[in-house]
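Me: Please take a close look at one residue in a loop of this model. Start with its burial, then work outwards to the pairings elsewhere in the chain.

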Amino acid sequence: EQGVHEGGPKMIIYVVGRNFGHLSPCMAVIDAFQKIDREKIAIYAYKSTHRWLGKNISGDRVKIKTFTRAGMKNKKKKILARSRLIFHDWREEVAYLKQARSKDRPIIAGMFHSDLAITKQDNKKTRKFKRQVVEIADKTTDIFFHMNITPPRKKPNMKAKYVPIPIVARKPDMSVAKVKKKLGIPEHEPFILVQMGGGTGPYKYKYIEEWYKKLNALKLDYHIVITSPLKGDTKFPFKKHIRVAPVFSNGANLVNAAEMVISKPGRGIIYDCIALRKPLLLLPADTKERQVQNMMVKSGLTKF
């Protein structure tokens, strides 16, 4: 397939968000791209995520570039000229690229999750959110890949080509014994994984110190392992049975080794737990998106 301009190298471009719910599926998709295609790949990502991405990417065909809203808009012609396929996991900024195309190439595909069918049980915020997903799909994609735990009840009313798909999640590539050794936990002793939230942003870690204090006060026989924030390791003085996990190149290894997971309802951890069939205690939703994510789990797992 040809890009919007003839000549010059063509590549796959992936535009990704800055939270683990975006970054983890991105790695699963990139792994798949590298297995089925020899195309070069460029990941446009927030600068704060480059270190993590660099530790997770294998091979020399993938390059990491800095994503900014202004940069995406200003460099749209150059990006289009280089691309054969543009893939994103719900970046509204990609609308600039679709609007700037002079033809129907490169193809632009987007991926999202959760049940989009509006029901009587939905509150006002959830209904608005579901409508926004469909609206953004039409603005930013030619093909809309819709992740579901179970097949969707009906096709959303949209112009983009609609393709329902199962959960996209990475597979573990490290044994449970090696994970526990890296954590400093004896192989025969279980641990609970506490997902503190992943990503960067002004409010991501607003209450993290309160989290730490409450976890420190718990009296449990289990080891507790806390995932280290993307912004850097914590220096909080935890008790001996609590460990802050080092950065794992594949977070699915941590989930797979845990007895259970406690987490906010973030997309990445939900998918990992479902894919690996791990018990997950979700904290109450605090945004309209997380309300939908909780609803997805509650409605989908009854048939899972």
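Reply: Thr119 has a relative accessibility of 15%, so this residue counts as buried. The cut-off is under 20%. The model is a predicted one. Thr119 belongs to the loop that runs between strand S5 (107-113) and helix H6 (124-140). Set aside residues up to four places away in sequence, and Thr119 touches Arg127 and Arg153.

Now a histidine for comparison. His50 sits in helix H2 (residues 50-56). Its relative accessibility is 14%, so His50 counts as buried. Its side chain reaches the backbone oxygen of Lys65 at 3.4 Å. Beyond four places in sequence, the contacts of His50 are Ala45, Ile64, Lys65 and Thr66. Lys65 thus appears both in that list and as the owner of the backbone oxygen.

Next, charges. Side chains of opposite charge can pair when their charged atoms come close. Seven salt bridges are found in this structure. In one of them, Asp31 meets Arg170, with N to O at 3.5 Å. This pair ties together distant parts of the chain, 139 residues apart. Asp31 is in helix H1 (residues 20-36), while Arg170 is in the loop between strand S7 (161-165) and helix H7 (176-183). How does burial divide the two partners, Asp31 and Arg170? Asp31 has a relative accessibility of 24%, so it counts as partly exposed. Arg170 has a relative accessible area of 14%, and is therefore buried.

Another bridge joins Arg84 and Glu39, with N to O at 2.9 Å. This pair also links distant parts of the chain. Arg84 lies in strand S4 (residues 83-88). Glu39 lies in the loop between H1 and strand S2 (40-45). The separation is 45 residues. Both ends are buried, Arg84 and Glu39 alike.

Asp104 and Arg105 form a further salt bridge, their closest N and O atoms being 3.6 Å apart. The relative accessible area of Arg105 is 26%, so Arg105 is partly exposed. Shared partners matter too: salt bridges join Arg69, Arg91 and Glu93 into one network.

Then the rings. A pair of aromatic rings is described by the distance of the centres and the angle of the planes. The whole structure yields eleven aromatic pairs. One of them is Phe33 with Phe87: the centres are 5.9 Å apart and the planes meet at 85 degrees, so the pair is edge-to-face. The angle cut-off for that class is over 60 degrees. Phe33 belongs to helix H1 and Phe87 to strand S4, and the pair links these distant parts of the chain across 54 residues. Both rings belong to buried residues, Phe33 and Phe87.

Tyr212 and Phe238 make another pair: their centres are 5.0 Å apart and their planes are at 85 degrees, so this pair is edge-to-face as well. Tyr212 is in helix H8 (residues 208-217). Phe238 is in the loop between strand S9 (223-227) and strand S10 (242-245). The two are 26 residues apart, and the pair links distant parts of the chain. Tyr212 has a relative accessibility of 2%, so it counts as buried. Phe238 is buried too, with a relative accessible area of 17%. Ring pairs also link Trp90, Phe112, Phe129, Phe144 and Tyr162 into a cluster.

Charge meets ring in two places described here. Arg18 lies over the face of Tyr46, 4.8 Å from the ring centre. Lys182 has its charged end over the ring of Phe248, at 4.2 Å from the centre.

Last, confidence. The chain has a mean pLDDT of 83, with 85% of its residues at 70 or more. Which elements have the lowest and the highest mean pLDDT? Helix H11 (residues 288-300) has the lowest, 65, and H7 the highest, 96. Over residues 1-8, pLDDT stays under 50. The model has 18 contacts beyond four places in sequence for residues 1-8. Where pLDDT is low, the predicted coordinates should not be read in detail.

Note on methods:
Residues numbered from 1 in each chain as written. Predicted model: local features only at pLDDT ≥ 70, side-chain atom pairs only at ≥ 80, totals over all residues. Heavy atoms only, no water. Salt bridge = Lys/Arg side-chain N within 4 Å of Asp/Glu carboxyl O. Helix = DSSP H or I, 4+ residues; strand = E, 2+ residues; numbered from the N terminus. Buried < 20%, exposed > 50% of the residue type's maximum accessible area, 1.4 Å probe, protein only. Polar contact = N/O pair within 3.5 Å; in protein donor to acceptor, adjacent residues only side chain to side chain. Contact = heavy atoms within 4.5 Å. Phe/Tyr/Trp six-rings, centres within 6.5 Å; stacked < 30°, edge-to-face > 60°. Lys NZ or Arg CZ within 6 Å of the ring centre and 35° of its normal. pLDDT = per-residue confidence, 0-100.
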